[in-house]
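Hi everyone, thanks for coming. Today I'd like to walk you through one protein chain, going slowly enough that you can follow along on your own screen.

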Amino acid sequence: MENLVLTSTLRLEGAEWNNTLVRNVTIRDVNGDGLMLRNVSNVRIENVTIEDVSGTGIKLSKTGSTSNVEIVNSRIDGTGRDGINSGEAAGVDHVGLKIIGNTIANTGLDGGSSGLLHGIYLQGSEFLVEDNTLINSHDGNGISVRSSGIVRGNHIDGAFKSGIAYYADHPAGTSNRLVIEDNIVVDAGLGGARGDINLLNLPSGSDPVDSIIVRNNTLSGEKGVIIDSGYAARNIATTSSGNIVVSEAEARRLMDQDENGPVGPSPVETPLPVEAQEGSVGLELNAAGTRTNVEMLRDDAVVQTASAARQKLAAVNLDDIDLRITATKNGAAASVGIDSGHLGVASSGETTANSSLIIGSETMVFDFSKQPGDVVDVTLDLLAQGTAVLTGYRDGVAIGSQTVRGTSVSFSDADGFDRLVLSAGSGSTGISVTGLDAEYRYDDSYLI
């Protein structure tokens with residue numbers, strides 16, 4: 001079936017559609033799903049365009065199984081519900097589904113009136129989701145999977161919930177393994193709470209996979225990889241390794257390079273003044289408003305301040321400068337860098353309109369992306385009304401936490417962290433960071 005333009009749902013139902021190639025077909029302006037498959041096997045969907053449909057772009061029905069369906073090099077743009085949906089029910093599975101090299105954009109436009117809507121939503125088992133580009137999942141996750149398979153080499157740019165999420169409310173397949181690797185995620189968790197990659201809580205009576213590997217993903221969100229504590233409690237072998245966090249600009253450059261070949265060096269940061277190049281603090285506010293206010297102080301005297309969008313400040317010699325970071329209002333965030341961004345600090349969450357503190361479930365995040373041979377020691381001076389919780393992370397996995405109250409807290413490289421997250425201990429707790437002192441030094445014992 002090829003070279004058609006359709007304005008109604010294309011249905012492939014029953015064995016007469018086995019071994020079918022659907023190629024160079026356009027489906028548009030449909031009140032319903034774009035393409036629906038049920039009780040078929042060995043179907044290849046290639047170079048198909050689906051745009052402006054009120055339902056799901058391509059739906060594998062949960063009332064009839066499929067096997068060995070391939071969706072390749074196609075484009076789905078503008079769906080009321082999911083971009084691609086493979087539904088599973090008792091006696092129904094979609095084994096061996098391959099989704100490769102597609103572009104899926106602007107999904108979930110109905111806004112979740114009956115549950116979250118995703119770019120790719122897979123309940124079936126032993127899937128391969130590889131080298132796809134997902135743009136603007138307006139309601140749910142970029143890629144949401146519920147069983148065993150591989151999610152590899154995808155680009156996710158814009159997701160209201162997770163970039164990639166696993167939720168074990170459907171049985172694992174025969175491999176009993178989920179691999180999430182070599183993906184690039186930008187602008188995930190726009191609706192709050194979620195990270196770039198989430199292994200979500202295990203529902204009661206679930207049948208999760210035995211093994212999960214999350215490796216070599218490039219992320220740009222402050223929450224990175226989030227693994228629910230229930231996996232360890234169930235003795236599920238969960239590995240997170242080689243995942244890195246970069247700026248959004250760098251993540252998008254890497255996406256562009258993957259898609260179009262080398263496009264030049266990494267973007268160059270706006271240079272700091274010459275006198276501040278060595279051993280300096282660089283401060284950049286990267287969102288609009290006055291949500292975060294930062295003051296640089298020397299000997300208790302304010303040297304410089306910033307509270308508006310995309311400002312960059314500099315001050316000489318980190319040892320002589322304190323940073324006073326307070327939350328205010330209106331949705332801005334701040335990042336702080338040492339020598340072109342080795343150290344990053346950001347605040348997130350909402351505050352009351354006139355508060356100067358981090359309140360309740362809000363967080364302040366300290367990222368440490370070191371170069372080989374760099375060692376970091378950091379001291380935070382806290383003013384807390386009640387208790388605060390400081391949690392250390394490595395490669396997106398929590399490695400320990402401390403409960404603190406109105407004091408100085410010091411950490412050294414021996415703790416092995418690359419991120420510290422400061423949060424309020426309860427809804428009535430307020431926290432302000434009144435000082436930040438960080439030292440980077442070079443240690444040649446780190447060289448290999």
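Let me begin with a small hunt: where is Asn243 found? Asn243 is in the loop between strand S29, residues 237-241, and strand S30, residues 244-245. Before you read too much into any single spot, please keep in mind that this is a predicted model.

Now, is Asn243 buried or exposed? Its relative accessibility is 9%, so Asn243 counts as buried. The cut-off for buried is under 20%. Have a look at what surrounds this residue. Leaving out residues up to four places away in sequence, Asn243 touches Val214, Arg215, Asn216, Asn217, Val225 and Asp395. One of these neighbours deserves a closer look: a polar atom of the Asn243 side chain lies 3.2 Å from the backbone oxygen of Val214.

Let's step back to the whole chain. There are 448 residues, and buried ones make up 50% of them. DSSP assigns 2 helices and 45 strands. The accessible surface is about 19000 Å², with 46% of that belonging to carbon and sulfur atoms. And here is a number about contacts: if you take those between residues at least 6 apart in sequence, 68% join residues at least 24 apart.

With 45 strands in the chain, we should talk about sheets. A quick reminder: strands of a sheet pair through backbone hydrogen bonds, either parallel or antiparallel.

Please find the open sheet of 9 strands. Its order is S2-S4-S8-S12-S16-S19-S22-S25-S28, and the pairing is parallel. Which strands stand at its edges? They are S2 and S28, the latter covering residues 225-227; each has a single partner strand, so one side of each is left without a neighbour in the sheet. From one strand to the next, the twist averages 5°.

Let's zoom in on the S2 end. Strand S2, residues 10-13, runs parallel to strand S4, residues 35-38, and 4 bridges join them. Within this pair, Leu12 stands opposite Leu37, and Glu13 stands opposite Arg38. On we go to the next pair: S4 and strand S8, residues 58-60, are parallel over 3 bridges. Here we meet Leu37 again, with Leu60 in S8 as its bridge partner.

There is also an open sheet of 3 strands, in the order S5-S9-S13, again with parallel pairing. Its edges are S5, residues 40-41, and S13, residues 94-95; each has a single partner strand, so one side of each is left without a neighbour in the sheet. S5 pairs with S9, residues 66-67, over 2 bridges, and Ser41 has Ser67 as its bridge partner in S9.

Next, the inside. The largest nonpolar core has 51 residues, and those touching the most other members are Leu35, Leu37, Ile58, Ile143, Tyr166 and Ile212. Which strand gives the largest share of this core? That is S3, residues 21-30, with 4 residues. Take Leu35 as an example. Setting aside neighbours within four places in sequence, Leu35 is in contact with Leu10, Leu12, Ile27, Ile45, Ile50, Gly57, Ile58 and Lys59. Apart from the largest core lies another one, of 6 residues, including Ile184, Val246, Ala251 and Leu254.

Two more stops, and then you can explore for yourselves. The first is Ala172, in the loop between strand S22, residues 164-166, and strand S23, residues 177-181. Ala172 counts as buried because its relative accessibility is 19%, and the limit is under 20%. Its C-alpha atom is separated by 5.4 Å from that of Ser148, which is 24 residues away along the chain. Beyond residues up to four places away in sequence, Ala172 touches Ser147, Ser148, Asp207, Pro208 and Val209.

The second is Ile226, and it takes us back to strand S28, which we met at an edge of the 9-strand sheet. With 27% relative accessibility, Ile226 counts as partly exposed. How many residues apart along the chain are Ile226 and Asp196? They are 30 apart, while their C-alpha atoms are separated by 8.0 Å. Not counting residues up to four places away in sequence, Ile226 touches Ala193, Arg194, Gly195, Ile197, Asn198 and Leu199.

That's the tour. Thanks for listening, and please do ask questions!

Methods: Residues numbered from 1 in each chain as written. Predicted model: local features only at pLDDT ≥ 70, side-chain atom pairs only at ≥ 80, totals over all residues. Heavy atoms only, no water. Pairing = 2+ DSSP bridges. Core = buried A, V, L, I, M, F, W, Y, C linked by side-chain atoms within 4.5 Å. Buried < 20%, exposed > 50% of the residue type's maximum accessible area, 1.4 Å probe, protein only. Contact = heavy atoms within 4.5 Å. Axes fitted to C-alpha atoms, helices over the stretch in contact; angles between N-to-C directions. Areas by Shrake-Rupley, 256 points an atom, 1.4 Å probe, with all protein chains shown as cover. Polar contact = N/O pair within 3.5 Å; in protein donor to acceptor, adjacent residues only side chain to side chain.
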